[in-house]
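Trainee: I would like a close look at one helix of this model, set against a few other parts of the chain. Please take it slowly and give the cut-offs as you go.

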Amino acid sequence: MKILIVDDEKEIVDSLAGIVAASGTHEVYGANSGEQAVQIVAHLGQIDVLVTDVVMQGMDGFVLRQNLLTACPAMQTIFITGYDLSEYPGHLASQKILNKPVNTIELLASIESAHTTIQRTLEEERAANSGVPEFNVNTANLSHLMQRQGFTGKLDQFQLVDIIQMCCLSRRSGRLRIAKGVEKGVLFLQDGRIVHAVSGGLSAEEAVYRVISWDFGEFSFDEGIEPPKVTIQSGWEHLVMDGVRRRDESRGIAHEAPEEGGLANKSIGDYKINRKLGEGEWGEVFEATQISVQRPVALKVLRQDLHLNPEAVQQFIADASAKANVQHPSIISVYEAGESNGVYFYAREFVDGVTVADISAQGTTLTDSQALQTIRVVAEALSYLNHYKIPHSELQAGSIFFGSDNRPRLANLSTVQGEQTVAVQKEIRLLSTLISSAMQEGASATPEVRSLLTKMKIEGNGGFLSWGALIQSVRALEPQVLPKDAYKLSAQDQAAVRAVEAEKKRQKRASLISTIGMIALFWVVLGVLFLKFFHGQGRDFKDMIEIPAGEFVYQDGKKMELPAFYIDKHEVTIGMYAKFLKALEKNPTTEFDNEKQPKGKSHKPFKWDLMLMAAKKKSVTYEGAHIDLNTPVFFLDWFDAYAYAKWRGHRLPTEQEWEKAARGAEGNLFPWGNEFDPKKSNSAIDMSGNPTLKGSVDGWNRWANVDSHGGDKSPYGVINMAGNVAEWTGSWAETTEPPIEVVPVIRGGSFSSQKDDGNPDVILTRRNVVLLAEQNAPSVGFRTASDTPPKK
């Protein structure tokens, strides 16, 4: 029996908890506030007995009881108090009250009485439901099956409801696993009660109903496996009856509306469906192939019964559009939303693997390496969402994916409706709880990882006050825990790189078999093929603009003076950065590294190999978008930009230099003047969820070539300072929101930067102080500066 003792005096909680724990086999938990008690119950799933003070700071005992009864309807309550509560008869009806100082013998007797009441209630429920109809149980075969501690079988031999019924009647405790093709479900039983269930994206009762609807498959029962949590309070008889009713009703209307599962091997718009992956709140999810670009995707299809609900359709499409506008390497990308022949859908990046919820349901655990990578990935993703005030749903174990490459990614939690900002420590505590649960409460973790998980659960100054602080702590542990290839390219990305390399080798072999008499014609044809299939070598944009010494307008009108300096006319490109990496590969050195750079850090941007291949070959895309060697380099952190600039004999511009070069001496709000012109810069004015489309206003959907926007030209002639990519500078500043940290300053707008009202944000006074020096983003690049004229 689980008992929770709550009092705002820690000494009382410790004393009573020790006494109760020593009296028997009860699980005893303590809390020093109502809020903390709610969090504990959220983690445990349920409690049996609540022992709580009434008068406490914040949430009082009466409110706490009401809040917990929702999750624990059978919970018994014992109030302890040092006050006269006669004025509150409505709250005290049928509740046990003990006066302070608490008589421990009376407390133990009250707990035993509560235990008896709970047992009696369960017996009454069983008696009341004794008339549950039989489901044609094959008792001879099942009785023999149930005699074994663990057993397996196929659903063509037994009905699943029979298996469930016999497990419950024989008061089994353990894990019942069911598989129907690629679909899987798990039911956890305790003493004959179904207490938790998961199936695909469903959990609790809905997962039970889903599993009961299956006619064929395989099952196995593992005796004694404990549930990761308790999510079901209903009796098993009710679950089975309701599940059978739902199953029969769905079959009765099958001829009226086609099931989504029947879409296998069919096409929806540009997508050919291959197989079903699972089911969620809005409908089914399929593995599909986007025909136009031949890439695998996960296709979510709106349920048929929701198609006739205009509000549901609007919410589905709006949420998908919100997700498509989010771009972060730790977040699974959503490509586009649409409708085809009356079917609503959206396509997202395909991740072939399992979720943390699947790992827990299967009875396996996260390793230290997986846990640390997961904390970092989720921290970076939620830091991004919170900073940009993007509404998002609550983090769940089913939201964290592990692909076939064993790398974690976070599902796209963005929504149209929801909280724009969530208390950071609340989310950090929730993340710690999810990871701990998947590691058997951290028992399998090393002392260093356990210590990290413990600190993540602490409120106030003793815990992590920001995602940045958590990320830094994780990075400090990574060299001790993570394998060297922890962040290697995914198998899908590696396959793309291998395909490109194979094509290059094939063309090289083809060139060797030409005859001498056909040399001239061969080179002509080869030239045509090269222009058709490859982007070329790219250009070196090494021109620098001299910015004269003198006064200029800074930020909101402040007059400042700067000496003369030089700044790159264009942003640094993928082709230019590739030469830097090639030089480092040929002559490895750390002479260009910043003194603050983490030891052992590489200067390769995120997914660099795939980025470079996509930039070189026209038939390869980067996340669906076409790029080339003249595209600005992105997904690199501040240390990478610093090292490149130093390698060229330059430096990063200060934010004051950057602003003067962009606004001119008079302080324009935009490079071309003081009025926004959507056609003159690569902004978010026409960014869509489908990266294959061109922008309808400025001509670009994602990254534009660095010399593509002549209209985005400052009074001095510097290009692309309003849009395209925002840029790292050499300046550091404190964050604008607590907790205060010192981070590099990013200046300028980008193809994705938006104001709170959704309009593009490319005003030249824009400052961004959110990313740590070791973080990166798809919309951030850089250019260099120098105090001396460039070499001719």
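Trainee: How many of the 15 residues of helix H13 are buried?

Mentor: Before the answer, note that this is a predicted model, in which local features need pLDDT of at least 70 and side-chain atom pairs count only at pLDDT 80 or more, while totals for chains, interfaces and linings use all residues. Residues are numbered from 1 along each chain as its sequence is written, and side-chain values use heavy atoms, with hydrogens and water left out.

In H13, 11 of the 15 residues are buried (under 20% relative accessible area with a 1.4 Å probe and protein chains only; exposed is over 50%, partly exposed in between), so the helix is largely enclosed by the rest of the structure. The buried residues of H13 are Gln425, Glu427, Ile428, Arg429, Leu431, Ser432, Thr433, Leu434, Ile435, Ser436 and Ala438. H13 covers residues 424-438 (helices are DSSP runs of H or I with at least four residues, strands runs of E with at least two, numbered from the N terminus). From its first C-alpha to its last, H13 reaches 21 Å, close to the 21 Å expected at 1.5 Å a residue (1.5 Å times one less than the number of residues).

Helix H12 makes a useful companion to this picture, with 20 residues, 368-387, and a reach of 28 Å that is close to the 28 Å expected. H12 is mostly covered, since 19 of its 20 residues are buried. Just after H12, Lys389 takes a positive phi of about 50°.

Burial can also be followed through the salt bridges (a side-chain nitrogen of Lys or Arg within 4 Å of a carboxyl oxygen of Asp or Glu), for which the count comes to 26. One of them joins the side chains of Lys276 and Glu284, with an N to O distance of 2.2 Å, and both Lys276 and Glu284 are buried.

Asp707 forms a salt bridge with Arg539, the closest N and O atoms being 2.9 Å apart. This pair links distant parts of the chain, 168 residues apart: Asp707 lies in the loop between H21 and E25, and Arg539 in the loop between helix H17 (519-533) and strand E21 (544-547). Asp707 counts as partly exposed at 37% relative accessibility, and Arg539 counts as partly exposed at 46%. Val697 also sits in the loop between helix H21 (655-663) and strand E25 (726-734), and Val697 is partly exposed, with a relative accessible area of 32%.

A further salt bridge joins Lys579 and Asp540, whose closest N and O atoms are 2.8 Å apart. Lys579 lies in helix H18 (residues 574-586) and Asp540 in the loop between H17 and E21, so the pair ties together parts that are 39 residues apart in sequence. Lys579 is partly exposed at 44% relative accessibility, and Asp540 is partly exposed with a relative accessible area of 36%. Beyond such pairs, salt bridges that share partners join Glu655, Glu659, Arg663, Arg747 and Arg767 into one network.

To return to your helix, H13 has 11 of its 15 residues buried, while H12 has 19 of its 20 residues buried.
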